[in-house]
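Reader: I have a model open here and a few things to ask. Can you take me through it?

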Amino acid sequence: MSPSVGQPAPEFDARSDDGRPVRLTELRGSWVVLYFYPRANTPGCSVEARRFEAALPEFGRLNAQVVGVSTDTEARQANFRDTCSLSFPLIPDGDRSVSRAYGVIGGLGGLLGLAARETFLIDPQGRVAHHWRGVNPATHAADVLRHLEGVASGVSAS
């Protein structure tokens, strides 16, 4: 079951594909865009990741960190990082602990052990501020950025 808006985001302590520790507690004080995707190096996931990478300066301007998560192996995530020229952390969630904590394993992808394409915006205090389900990989980064801009300016945006 996914955490609801307003609830504390499930804590995680993971290591990115390039060995960097990624802990939600250490990201407090910043907005966190925690996005889950089904499979590295597939067309939709590649488009989505590149769009997030292109928007990183804007996310940074809004004090937001982007973190990608899939159930892929560390090696597949590292190849994905290189192929798409990504600089933000990618968490290889092979044991599915982060994906399960956020309730994104389910449906047909769940039968295959894949995370669904969903995103959580976590506020600087560690609470879920917004949850996107069934996103369009081509427009999702822009949608998240637009929502975050609205929240940062005090205007609710969806």
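Author: Let's start with a strand pairing. In β5, Gly68 has Leu90 as its bridge partner. Keep in mind that this is a predicted model.

Reader: OK. How many bridges are there between β4 and β5, and in which sense do they pair, parallel or antiparallel?

Author: There are three bridges, and β4 and strand β5 (residues 90-92) pair in the parallel sense.

Reader: Which strand does β3 pair with, and over how many bridges?

Author: Strand β3 (residues 31-36) is joined to β4 by six bridges, and these two run parallel. One residue pair to look at is Val33, whose bridge partner in β4 is Val66.

Reader: What sort of unit do β3, helix α1 and β4 make?

Author: A right-handed β-α-β unit, with helix α1 covering residues 43-61.

Reader: And why is β4 described as largely enclosed?

Author: Because six of the seven residues of strand β4 (residues 64-70) are buried, the rest of the structure largely encloses it.

Reader: Switching to cysteines, since I have to decide about reductant. How many disulfides does the structure hold?

Author: Zero disulfides. Cys45 is in none, and its nearest cysteine sulfur, that of Cys84, is 9.3 Å away.

Reader: Why is there no bond from Cys84 to Cys45?

Author: Because the two sulfurs are 9.3 Å apart, which is too far for a bond. The cut-off for a disulfide is a pair of cysteine sulfur atoms within 2.5 Å.

Reader: Is Cys45 buried or exposed? And Cys84, buried or exposed?

Author: Cys45 counts as buried, at 1% relative accessibility. Cys84 is buried too, with a relative accessible area of 6%.

Reader: Different topic: His131. Where is it found?

Author: His131 is in strand β7, which covers residues 128-133.

Reader: Buried or exposed, that histidine, His131?

Author: Buried: His131 has 13% relative accessibility, and the cut-off for buried is under 20%.

Reader: Which side chains does the His131 side chain make polar contacts with?

Author: One polar contact is with the side chain of Glu118, at 2.6 Å. Another, of 3.3 Å, joins the side chains of His131 and Arg133.

Reader: What else does His131 touch, leaving out residues up to four places away in sequence?

Author: Besides Glu118, His131 touches Ser2, Pro3, Val5, Thr119 and Phe120.

Reader: Good. That covers my list.

Key: Residues numbered from 1 in each chain as written. Predicted model: local features only at pLDDT ≥ 70, side-chain atom pairs only at ≥ 80, totals over all residues. Heavy atoms only, no water. Buried < 20%, exposed > 50% of the residue type's maximum accessible area, 1.4 Å probe, protein only. Helix = DSSP H or I, 4+ residues; strand = E, 2+ residues; numbered from the N terminus. Polar contact = N/O pair within 3.5 Å; in protein donor to acceptor, adjacent residues only side chain to side chain. Contact = heavy atoms within 4.5 Å. Pairing = 2+ DSSP bridges. Right-handed = clockwise from strand over helix to strand, strands pointing away.
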